[in-house]
Structures are given as C-alpha cells and as structure tokens.
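User: I am a first-year student and would like a close look at the sheet in this model. Please explain how its strands are arranged and how individual residues fit into that arrangement.

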Amino acid sequence: MHIQSLRPAPFGANITVFLQLKGGSGPAALPGIVRWVKGDEMGVQFGLLGARETYALTEMLCEA
C-alpha cells in the first residue's frame, strides 16, 4: 500500500496501519513492514491478515 505521511517510518520498520474497513465496528489494526521510502511517501507490505481483513482491504483498494 502506498502511504503519504509527514513522517514516514524508516525502511524495514514494522508498523501498524489503522484503517476503517467496510463492515468493521472500529479501525482495524493491520501489521506491515515498510518496503520503500521516498520523501514523504512509503510503501507498506502487509503481514498476516485474517480473511475478513483481506477481503475488506481488497474491496477498498479496488474501489479507489
């Protein structure tokens, strides 16, 4: 996932991305690792996600 941030995490950092996913009762905490950083942007590869989180995240990203 491409994320723009005022203070991106460093390359290789383990981070948690909080997103409101469709059908969720609150923000989902999604574990990930920073795979690239360029200026105020970073690319995050998500770690192990449950089936519901994977489906909701895929639906959200395909709508954009």
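Analyst: Two residues are in contact when heavy atoms of theirs lie within 4.5 Å. With that meaning, among contacts in the protein between residues at least 6 apart in sequence, 45% join residues at least 24 apart. The model is a predicted one, and the description below should be read with that in mind.

It is useful to begin with the whole chain. The protein has four strands and one helix, and from the N terminus on these elements follow the order β-β-β-β-α. The C-alpha trace spans about 35 × 25 × 20 Å along its principal axes. Of the 64 residues in the protein, 27% are buried. The exposed surface amounts to about 4,700 Å², and carbon and sulfur atoms supply 57% of it. As for charge, the mean positions of the 5 positive and 5 negative charges are 6 Å apart.

Now to the sheet. Strands of a sheet pair through backbone hydrogen bonds, in either a parallel or an antiparallel way. Here, four strands form an open sheet with the order 1-4-3-2, and the pairing is antiparallel. Strand 1 (2–4) and strand 2 (14–19) each have a single partner strand, so they stand at the edges, and one side of each is left without a neighbour in the sheet. From one strand to the next, the twist averages 50°.

The pairs can be followed across the sheet from one edge to the other. Strand 1 pairs with strand 4 in the antiparallel sense over three bridges. Within this pair, I3 has M42 of strand 4 as its bridge partner. Strand 4 in turn pairs with strand 3, again in the antiparallel sense, over six bridges. Two positions illustrate this pairing: V34 has V44 of strand 4 as its bridge partner, and W36 stands opposite G43 in strand 4. Finally, strand 3 (residues 28–38) pairs with strand 2 in the antiparallel sense over six bridges. In this last pair, I15 stands opposite G32 of strand 3, while V17 has L30 of strand 3 as its bridge partner.

Which side chains of strand 2 are buried, and which are not? The side chains alternate along the strand: I15, V17 and L19 point to one face and are buried, whereas N14, T16 and F18 point to the other face and are not. Thus I15 and V17, whose places opposite strand 3 were given above, both belong to the buried face.

F18 deserves a closer look, as a member of strand 2. A residue counts as exposed when its relative accessible area is over 50%. The relative accessibility of F18 is 59%, so F18 counts as exposed. Exposure does not leave F18 without contacts: apart from its neighbours within four places in sequence, F18 is in contact with P27, A28 and A29. The C-alpha atoms of F18 and E41 are separated by 17 Å, with the two residues 23 apart along the chain.

The last part to consider is the turn from strand 3 to strand 4. G39 lies in the loop between strand 3 and strand 4 (41–46). In the hairpin that these two strands form, two residues stand between the strands, and G39 takes a positive phi near 65°. With a relative accessible area of 65%, G39 is exposed. G39 and G50 are eleven residues apart along the chain, and their C-alpha atoms are separated by 31 Å.

In summary, the sheet is open and antiparallel with the order 1-4-3-2. One face of strand 2 carries the buried side chains I15, V17 and L19, and the loop residue G39 is exposed.

Key: Residues numbered from 1 in each chain as written. Predicted model: local features only at pLDDT ≥ 70, side-chain atom pairs only at ≥ 80, totals over all residues. Heavy atoms only, no water. Pairing = 2+ DSSP bridges. Axes fitted to C-alpha atoms, helices over the stretch in contact; angles between N-to-C directions. Buried < 20%, exposed > 50% of the residue type's maximum accessible area, 1.4 Å probe, protein only. Areas by Shrake-Rupley, 256 points an atom, 1.4 Å probe, with all protein chains shown as cover. Lys, Arg positive; Asp, Glu negative; His and termini not counted. Charge placed at Lys NZ, Arg CZ, Asp CG, Glu CD.
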